[in-house]
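Subject: Structure for you to look through

Dear colleague,

Here is the structure I promised to pass on, with its sequence alongside. Please open it before reading further, since my notes below are easier to follow with the helices in view.

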Amino acid sequence: MIWEYLREEEFKKAVESSCGLCVVPIGCIEKHGQHLPIGTDSILATEIVRRAAEREPVCVFPTMHFGEKTGAGEFAGTVIFSSELRLKLLEETCREIHRNGFRKILLFNGHGGNQSMISHFVRSQLQEPKEYLLFDYAPGSDFPTPNKLLSGNYGKLTPEDRQILQNYIEQKKRYGHACFIETGWIYATHPELVRLDKIADESGTSTHRFDEFTKRKINSPFAWMANYPNSYAGDMHEGMNERIAEAMMEYSVQKAADVFRFLKHETISETYHAEWRAKQNTHTC
């Protein structure tokens, strides 16, 4: 159920069919090497959510495209909104979703750089008791890596495809940003937007400028940008094709559908939410 595709009279049914769960895809507009579109994170979040919703019905809110990219304005096409505006948009989005009848909201994050922002936002909702429950999930927390695809049941993969995946494992190739995984996700849904011939146009190897910070567990807002100045982190993607790409998408869609199914039917969070609100009211009095 796509929010913007519904007619007004269909919303009550949508709430019922989704067991009150609405999912918000969240992405980012940023450079992904020279081979992927700048909307990669928004595209993959939207496609995974919509495909998963076909298997496990939920209501899918319009995609929020503008994620955390503060400080990365040197790349053409990047869109950067202030942190205050982004948090305000999240706040009012959740409020409007709840006003339309949904009691559970899942923020489905397709951009790694958003995680701190989303975690902060979700936690901040505890400052004042809300009537809705808020969760977040990211497909990047469980990448469809070659070893997972090889151990799964993906009938379209040929012996040659399996060898390509095995080579990635044996050669210890790296994932990261605009990597083999993200390339596969986009290739599965929008192959016309992927330029496999441009994968090697820029380096995805780290400069290691901030490695000493990493060794000492020191966080710096400059670390990722300095280590990967091309906004590309990972090894080359030899052998990507539609079968491998579809297997990657299938893996992530299955995981997302499982998450939707769990959140629709679990009662743990609802029970504790009621207990927590009662504690807050007692403390206030």
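Two residues are said to be in contact, or to meet, when heavy atoms of theirs lie within 4.5 Å. Please keep in mind throughout that this is a predicted model.

With that meaning of contact, I begin with α3 and α4, where R86, L87, L90, E91 and C94 of α3 meet M117, H120 and F121 of α4. Sorted by class, the residues of this contact are 5 nonpolar, 1 polar and 2 charged. Helix α3 covers residues 83-99 and helix α4 residues 115-124, and their axes come within 11 Å and cross at roughly 50°. The two helices are therefore oblique to each other, since an angle of that kind falls outside the parallel, antiparallel and perpendicular ranges. The crossing of α3 with α4 is right-handed.

The interior comes next. The largest nonpolar core contains 48 residues, and those with the most contacts inside it are V23, L106, F108, F180, I244 and F260. Two or more residues each are given to this core by the strands β1 (21-26), β3 (104-109) and β4 (133-137), and by the helices α2 (40-55), α6 (159-170), α7 (180-189) and α10 (242-265). The largest share, 12 residues, comes from α10. There is also a second, separate core of 21 residues, which includes V15, C59, Y132 and L134. As general background, nonpolar side chains in soluble globular proteins tend to be buried together.

If you would like one residue to start from in the larger core, L106 is among those with the most contacts there. Leaving aside residues up to four places away in sequence, L106 touches L21, C22, V23 and V24, then F135, D136 and Y137, and finally V259, F260 and L263.

Helix α7 deserves a closer look, and I would ask how many of its residues are buried. The count is 10 of 10, so that α7 is mostly covered, with F180 and W185 among the buried residues. These buried residues pack against α2, α5 (146-151), α6 and α10.

Two of those partners can be described in detail. The axes of α7 and α10 are 8 Å apart, and the helices pack at an angle of about 100°, which makes α7 roughly perpendicular to α10. On the α7 side the contact is made by F180, I181, G184, W185, Y187, A188 and T189, and on the α10 side by E242, I244, A245, E246, M248, M249 and S252. This contact of α7 with α10 has 9 nonpolar, 3 polar and 2 charged residues.

With α2, the axes of α2 and α7 come within 10 Å and cross at roughly 60°, and the two are therefore oblique to each other. Their crossing is left-handed. Here T40, D41, I43, L44, E47, I48 and R51 of α2 meet E182, W185, I186, A188 and T189 of α7, and the class count for this contact is 6 nonpolar, 2 polar and 4 charged residues.

Lastly, there is N281, which lies in helix α11 (residues 268-284). N281 has a relative accessibility of 46% and therefore counts as partly exposed. Although N281 and P129 are 152 residues apart along the chain, their C-alpha atoms are separated by 9.1 Å.

With best wishes

Definitions and conventions:
Residues are numbered from 1 along each chain as its sequence is written. This is a predicted model: local features need pLDDT of at least 70, side-chain atom pairs count only at pLDDT 80 or more; totals for chains, interfaces and linings use all residues. Side-chain values use heavy atoms; hydrogens and water are left out. A nonpolar core is a set of buried Ala, Val, Leu, Ile, Met, Phe, Trp, Tyr and Cys residues joined through side-chain atoms within 4.5 Å. Buried means under 20% relative accessible area, exposed over 50%, partly exposed in between (1.4 Å probe, protein chains only). Helices (H or I, at least four residues) and strands (E, at least two) are DSSP runs, numbered from the N terminus. Axes are lines fitted to C-alpha atoms, for helices over the stretch in contact, and angles run from 0 to 180 degrees between N-to-C directions. Angles under 35 degrees count as roughly parallel, over 145 as roughly antiparallel, 65 to 115 as roughly perpendicular and the rest as oblique. A crossing is left-handed if the near helix is turned anticlockwise from the far one by less than a right angle, and right-handed if clockwise. Ala, Val, Leu, Ile, Met, Phe, Trp, Tyr, Cys and Pro count as nonpolar, Asp, Glu, Lys and Arg as charged, and the others, Gly among them, as polar.
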